[in-house]
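Hi everyone, thanks for making time for this. Please take a look at the screen, and then we'll walk through the fold together.

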Amino acid sequence: MTFEEALKHEENNEPVIYNNRKYYVVGYNKSADMFTIREVSGDPLFTVPIDAKPEELS
């Protein structure tokens with residue numbers, strides 16, 4: 001997806017798919033063209049933020 005599409009997912013708190021798993025977009029770095037995502041989990045204490053490029057998200 002594009003950077004703008006991923007940003008809308010963050011604003012609307014909608015999950016994205018990365019490596020066949022659901023994640024929430026929790027931050028971004030436009031200059032590096034990267035998003036920080038956090039896995040959708042029943043226990044948020046055990047999820048770890050991951051950086052991903054917008055084109056890797058769907």
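Let's start at the hairpin of strand 2 and strand 3, where four residues sit between the strands and D33 takes a positive phi near 55°. Keep in mind that this is a predicted model.

Now follow the two strands away from that turn. Strand 2 covers residues 21-29, strand 3 covers residues 34-39, and they pair in the antiparallel sense over six bridges. If you want a spot to zoom in on, find Y24: opposite this residue stands R38 in strand 3.

Strand 3 has another partner. With strand 4, residues 50-52, strand 3 pairs in the antiparallel sense over three bridges. Here you can look for F35, which stands opposite A52 in strand 4. And a handy thing to remember as you trace these: in a regular strand, side chains alternate between the two faces of the sheet.

Next, the helix. Which residues of helix 1 are buried? In helix 1, residues 3-12, they are F3, A6, L7 and H9. They lie on the same side of helix 1, because they cover an arc of only 155° around the axis. In general, an α-helix has 3.6 residues a turn, so residues three or four places apart point the same way.

What covers those buried residues of helix 1? The cover includes strand 1 (16-18), strand 2 and strand 3, so to speak the strands we just met among them. Turn to the other side of helix 1 and you'll find K8 and E11 exposed.

Last stop: just after helix 1 comes N13, and its phi is positive, near 55°.

Notes:
Residues numbered from 1 in each chain as written. Predicted model: local features only at pLDDT ≥ 70, side-chain atom pairs only at ≥ 80, totals over all residues. Heavy atoms only, no water. Pairing = 2+ DSSP bridges. Buried < 20%, exposed > 50% of the residue type's maximum accessible area, 1.4 Å probe, protein only. Arc of directions from axis to C-beta. Contact = heavy atoms within 4.5 Å.
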